[in-house]
Each structure stands twice: as C-alpha cells, then as structure tokens.
Amino acid sequence: MYKKRLLIINFILSVFIALMCFDVSAEPVKISVQQAKKMIDAKDYGLVLDVRTDEEFAGELGHIEGAKLIPVQELKERVGEIEKYKDKKVLVICHSGNRSTKASNFLSQKGFSQVFNIVDGMAGWDDQKYPVKRD
C-alpha cells in the first residue's frame with residue numbers, strides 16, 4: 001500500500017514538472033480575409049500587423065487602414081514595438097500568406113497568445129474589393 005502511494009505521488013510530481021517545462025505558447029490561427037474583415041469591422045482585435053516591404057505597403061495593393069508595418073525580415077529586431085499586444089488579437093498579413101505564416105509562428109513562439117494569420121493576404125483582400133489605404 002505504501003509503495004503504491006509513493007508511486008502515485010512520484011507520478012503526479014513527474015507530470016507537474018513536465019507541465020512546468022512544456023512550452024504552452026498558442027499556435028497561430030489561420031483565417032480568411034472575410035473572417036479578418038469581420039473582426040476588423042467589429043473592432044475585435046488589438047493590432048493588424050503588415051509584414052510586407054515598405055514598397056508593397058504603399059504600393060498597388062495598398063494596406064489595411066491602421067495597420068502597423070514591420071517587414072518580416074525586421075520583425076525579430078523590432079518585436080519590442082508590439083509587446084503591448086501580447087495578450088490581444090494580432091492579425092498578421094502579407095501579400096499572399098507566406099511571410100505572414102512565418103511571422104505568425106515567430107510571434108507565437110515569442111509568447112503572443114492570440115495570433116491570426118490571414119492566409120490569402122492582401123491579394124485576397126484585393127480580390128474581395130475591401131477598402132485599402134495608399135500612402
């Protein structure tokens with residue numbers, strides 16, 4: 001009986017220690033441009049993060065009004081600029097979804113808990129004729 005209790009206690013402690021060491025960062029959620037538009041219209045987000053280049057941001061496809069531009073290649077060095085959004089919904093967009101996937105995964109690894117990757121990017125946004133800003 002005594003050995004059985006020790007085994008149970010040992011097992012519980014092992015599980016507890018394993019959970020303490022386990023990375024609990026949330027995985028990014030893939031969303032469509034339609035879902036992103038609904039969230040933006042409802043103001044159900046903290047930040048729209050555009051990870052394209054400066055030229056793309058101001059270019060033909062424009063950008064979502066109010067979006068913060070941090071090119072994906074600069075995100076590692078500039079992540080501190082968006083730390084205040086760690087516990088808020090962050091919508092990540094690029095041209096077609098490739099760079100935003102990379103950026104979304106990076107943010108999740110850095111402890112951002114509500115990351116949404118807009119899978120069709122600004123190309124999909126443009127296909128839907130959603131409003132953009134160009135400057």
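Q: Buried means under 20% relative accessible area, exposed means over 50%, and partly exposed is in between. With that in hand for this predicted model, which exposed residues sit on the face of helix 2 turned away from its buried side?
A: Start with the buried side of helix 2, residues 33-41, where you'll find Val33, Ala36, Lys37, Met39 and Ile40. They span an arc of only 165 degrees around the axis, so they end up on the same side of helix 2. Flip to the face turned away from that side, and the exposed residues there are Lys38 and Asp41.

Q: Why can residues that aren't neighbours in sequence point the same way on an α-helix?
A: It comes down to the winding of the helix. Residues three or four places apart point the same way because an α-helix turns once every 3.6 residues.

Q: What pattern does the protein chain follow along the sequence?
A: There are six helices and five strands to place. Read from start to end, they give α-β-α-β-α-β-α-β-α-β-α.

Q: How much of the protein chain is made up of buried residues?
A: A residue makes the buried list if its relative accessible area is under 20%. Out of 135 residues in the protein chain, the buried share is 37%.

Q: Is the salt bridge partner of aspartate 50 buried or exposed, and which residue is that partner?
A: Aspartate 50 itself has a relative accessible area of 0%, so it's buried. Its closest N and O contact with the partner is 2.8 Å. The partner comes in at 1% relative accessibility, under the 20% cut-off, so it counts as buried too: arginine 52.

Q: How many residues apart in sequence are the parts tied together by lysine 68 and glutamate 81?
A: The two side chains meet in a salt bridge, 3.1 Å from N to O. Lysine 68 belongs to strand 3 (residues 68-69), while glutamate 81 is in the loop between helix 4 (75-78) and strand 4 (89-93), so the separation of the tied parts is 13 residues.

Q: Are lysine 68, glutamate 81 and arginine 78 buried or partly exposed?
A: Lysine 68 has 27% relative accessibility and glutamate 81 has 40%. Arginine 78, which pairs with glutamate 81 at 2.8 Å between the closest N and O atoms, has 22%. Those values lie between the 20% and 50% cut-offs, so lysine 68, glutamate 81 and arginine 78 count as partly exposed.

Q: Which residue joins Lys68, Arg78 and Glu81 in a network of salt bridges?
A: Glu81 is shared, since it bridges to Lys68 and to Arg78. The network has one further member, Glu74.

Q: Where does lysine 129, with its positive phi, sit?
A: Phi of lysine 129 is near 60 degrees, and this isn't a glycine. At 70% relative accessibility, lysine 129 counts as exposed. Its place is the segment after helix 6.

Q: What is the relative accessible area of lysine 43?
A: Lysine 43 is another non-glycine residue with a positive phi, near 55 degrees. You'll find lysine 43 in the loop between helix 2 and strand 2 (47-50). It counts as exposed, and the value is 68%.

Q: Which residues form a negative surface patch with Asp120?
A: Asp120 sits in the loop between strand 5 (114-118) and helix 6 (121-127). With a relative accessible area of 40%, it's partly exposed, and a patch member needs over 30%. The other members of the patch are Glu60, Asp126 and Asp127.

Notes. Residues numbered from 1 in each chain as written. Predicted model: local features only at pLDDT ≥ 70, side-chain atom pairs only at ≥ 80, totals over all residues. Heavy atoms only, no water. Patch = residues over 30% accessible without salt bridge, like charges linked within 9 Å, V, L, I, M, F, W, Y side chains within 5 Å. Areas by Shrake-Rupley, 256 points an atom, 1.4 Å probe, with all protein chains shown as cover. Salt bridge = Lys/Arg side-chain N within 4 Å of Asp/Glu carboxyl O. Lys, Arg positive; Asp, Glu negative; His and termini not counted. Charge placed at Lys NZ, Arg CZ, Asp CG, Glu CD. Helix = DSSP H or I, 4+ residues; strand = E, 2+ residues; numbered from the N terminus. Buried < 20%, exposed > 50% of the residue type's maximum accessible area, 1.4 Å probe, protein only. Arc of directions from axis to C-beta.
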